[in-house]
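Please open the model in a viewer and keep the selection panel at hand. The stops below are arranged by topic.

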Amino acid sequence: MPRQSGDSPYAFTVPPSVEAVPAARDRVVRRAQRLGLILDEELTNDLQLLAGEVIANSVTHTQAACVVSVRYIGERLRVEVTDADPTLVRPSQADVMDENGRGLFLVAALATVWGSQPCAAGKKTWFELAVSASGVDTADVAASQADAATEESPSITGAHLRIEHRAA
């Protein structure tokens, strides 16, 4: 019997640089594809935009590395970004001429659900996208969980400990 895909998230650390965001965003999409999820062009674009926003917010506002985890939780893909800043995120009021301040409005508009919550490391900002259950192949999900153990990515526990250490 295959394990539920939500049991073992795939996680990786993003360096504290906005230049690292595009590669991290693409890594989230590749992971979703490796989970056996069928992503049409619109869903792929939404996933890239949302992942880019929450990862960029983290590295920009904390000036520190963050940890990104990706998992399928039954009809939804969940992406979590953990950083050392305990301040929860919320959409800000951007003026017409402001170049920043609209990203979380996009997250709220495109994600099925999203939020920010405190955690031992600081906070987690997360979003979920609805994915058709027919788009998931159980064998692919089980195989991807085995693959996660062999990839160079850190475990989520180890990554959280590194963030907690930096925050201290």
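**A tour by selection**

Begin with Glu-75, which is exposed because its relative accessible area of 51% is over the 50% cut-off. The model being viewed is predicted. Glu-75 belongs to the loop between E2 and strand E3, the latter spanning 76–83. Its backbone deserves inspection: phi of Glu-75 is near 70°, a positive value in a residue other than glycine. Most residues other than glycine have a negative phi.

Next, select Gln-63. This residue sits in the loop that runs between helix H2 (41–62) and strand E2 (66–72). Gln-63 is not a glycine, yet it has a positive phi of about 55°. With a relative accessible area of 60%, Gln-63 is exposed.

**A nonpolar surface patch**

Move to helix H2 and select Leu-49, which lies in that helix. Add Leu-106 and Leu-110 to the selection: together with Leu-49, these residues form a nonpolar patch on the surface, and their accessible area together is about 200 Å². Is Leu-49 itself buried, partly exposed or exposed? Leu-49 counts as partly exposed, because its relative accessibility is 31%, and partly exposed covers the range between 20% and 50%.

**Aromatic rings**

Now display the aromatic side chains. How many aromatic pairs does a search of the whole structure find? The search finds one. The pair consists of Tyr-10 and Phe-12, with 5.9 Å centre to centre and 50° between the planes, and it is tilted. Both Tyr-10 and Phe-12 are buried.

For another ring, select Trp-126 together with Arg-78. Arg-78 lies over the face of Trp-126, at 4.1 Å from the ring centre.

**Cysteines**

Finish with the cysteines, selecting Cys-66 and then Cys-119. Which of the two classes, buried or partly exposed, applies to Cys-66? Cys-66 is buried, because its relative accessible area is 0%. Cys-119, at 23% relative accessibility, counts as partly exposed. A disulfide is a covalent bond between the sulfur atoms of two cysteines. With a cut-off of 2.5 Å between cysteine sulfur atoms, the count of disulfides comes to zero.

Conventions: Residues are numbered from 1 along each chain as its sequence is written. This is a predicted model: local features need pLDDT of at least 70, side-chain atom pairs count only at pLDDT 80 or more; totals for chains, interfaces and linings use all residues. Side-chain values use heavy atoms; hydrogens and water are left out. Helices (H or I, at least four residues) and strands (E, at least two) are DSSP runs, numbered from the N terminus. Buried means under 20% relative accessible area, exposed over 50%, partly exposed in between (1.4 Å probe, protein chains only). Patches are made of residues with over 30% relative accessible area and no salt bridge: like charges are joined within 9 Å, nonpolar side chains (Val, Leu, Ile, Met, Phe, Trp, Tyr) within 5 Å. Accessible areas come from the Shrake-Rupley method with a 1.4 Å probe; for residues, only the protein chains shown count as cover. A salt bridge is a side-chain nitrogen of Lys or Arg within 4 Å of a carboxyl oxygen of Asp or Glu. Rings of Phe, Tyr and Trp (its six-membered ring) pair if their centres lie within 6.5 Å; planes under 30 degrees apart count as stacked, over 60 as edge-to-face and the rest as tilted. A charge sits over a ring if NZ of Lys or CZ of Arg is within 6 Å of the ring centre and within 35 degrees of the ring normal.
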